[in-house]
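Trainee: I would like a close look at a single part of this protein. Could you take me through how one helix packs against its neighbours?

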Amino acid sequence: AANGAPAQPIDAAVAALAVSPAAAARAPLAGTDVVCWLLPSGRATTEAQLRAVLESHDLAELVAFHAKRSKVQKMLHLVDGISARIHDGHVSPADLTKWLSDQVAALAAGAGGAAGALTNAEAIGCLWDGVVNAVDLTRKAAAKRAALLATLKTHAPVFFALCKTGSDELVLLQAVQQFVSNDMELLKMPAFPDIVNLLYQTDVLSEDTILRWHRMGTTLNKGSAASSNIMREQMVPFCKWLETADEDGEDDDE
């Protein structure tokens with residue numbers, strides 16, 4: 001405070017936030033109260049206005065935190081929208097693809113700017129979560145597997161539209177791996193090779209991506225390394241079949 005005057009509670013809180021949002025908990029006012037005090041009263045505040053206010057007080061870290069939190073909330077909303085449309089049963093894969101494309105474009109053009117835009121990998125993750133959430137996973141293992149494969153087969157064209165590169169395909173493959181690793185019934189069946197085979201047969205996953213994943217020995221960011229090893233072992237017959245088919249194709253070309 002100027003002229004040796006004691007610091008006001010809001011000044012102390014802003015100073016704490018400038019160092020770290022977590023430090024706000026030790027300030028006289030909570031971080032949320034600080035933001036509310038800074039914002040103009042009596043009217044709604046847009047994301048752009050909130051960002052401008054925070055940046056004007058040198059709260060870059062809080063700006064980044066808010067942007068990340070806002071993006072996560074929008075991704076969850078997108079997942080819920082995908083699941084709801086699949087549950088509805090009257091939305092075709094083509095309509096779902098169009099809706100998803102429009103939603104992703106809207107996020108890119110929104111107030112969050114580049115920070116609010118989804119990467120293609122994030123859109124693929126949202127699509128996978130939305131499709132899986134539309135399946136009744138409380139069923140017995142066999143029924144759950146059948147329902148999951150049926151839903152994936154119906155909406156394979158949506159995945160095909162998003163998976164434009166080998167890297168995109170690998171993102172999807174790793175999402176499948178993460179999902180199966182968290183469901184011991186599906187892991188033991190095994191369901192992973194069935195899902196991968198379905199995505200291969202519907203041209204969502206390429207032979208090169210599947211073999212690359214297997215050779216890489218891809219592990220999970222979270223979860224048991226043992227689960228990852230089990231799935232790789234389960235994929236050995238399928239990968240050998242892919243390699244044999246590839247060799248036969250080369251012989252035919254000659």
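Mentor: Here is a walk around helix 9 and its partners. The model is predicted, so local features need pLDDT of at least 70 and side-chain atom pairs count only at pLDDT 80 or more, while totals for chains, interfaces and linings use all residues. Residues are numbered from 1 along each chain as its sequence is written, and side-chain values use heavy atoms, without hydrogens and water.

Helices here are DSSP runs (H or I, at least four residues), numbered from the N terminus. Two packed helices are described by the angle between their axes and the distance between the axes. Axes are lines fitted to C-alpha atoms over the stretch in contact, and angles run from 0 to 180 degrees between N-to-C directions.

Start with helix 11, residues 192-201. Helix 9, residues 166-181, packs on helix 11 at about 155°, with the axes 10 Å apart. That makes the pair roughly antiparallel (over 145 degrees). Contact means heavy atoms within 4.5 Å. Helix 9 gives Leu172, Leu173, Val176, Gln177 and Val180; helix 11 gives Phe192, Ile195, Val196 and Leu199. Eight of these residues are nonpolar, one is polar and none is charged. The nonpolar class is Ala, Val, Leu, Ile, Met, Phe, Trp, Tyr, Cys and Pro; the charged class is Asp, Glu, Lys and Arg; the others, Gly among them, are polar.

Now turn to helix 13, residues 225-234. The axes of helix 9 and helix 13 come within 10 Å and cross at roughly 115°. Gln177, Val180 and Ser181 of helix 9 meet Ser227, Ser228 and Met231 of helix 13. This contact has two nonpolar residues, four polar and no charged.

Definitions and conventions
Helices (H or I, at least four residues) and strands (E, at least two) are DSSP runs, numbered from the N terminus. Angles under 35 degrees count as roughly parallel, over 145 as roughly antiparallel, 65 to 115 as roughly perpendicular and the rest as oblique.
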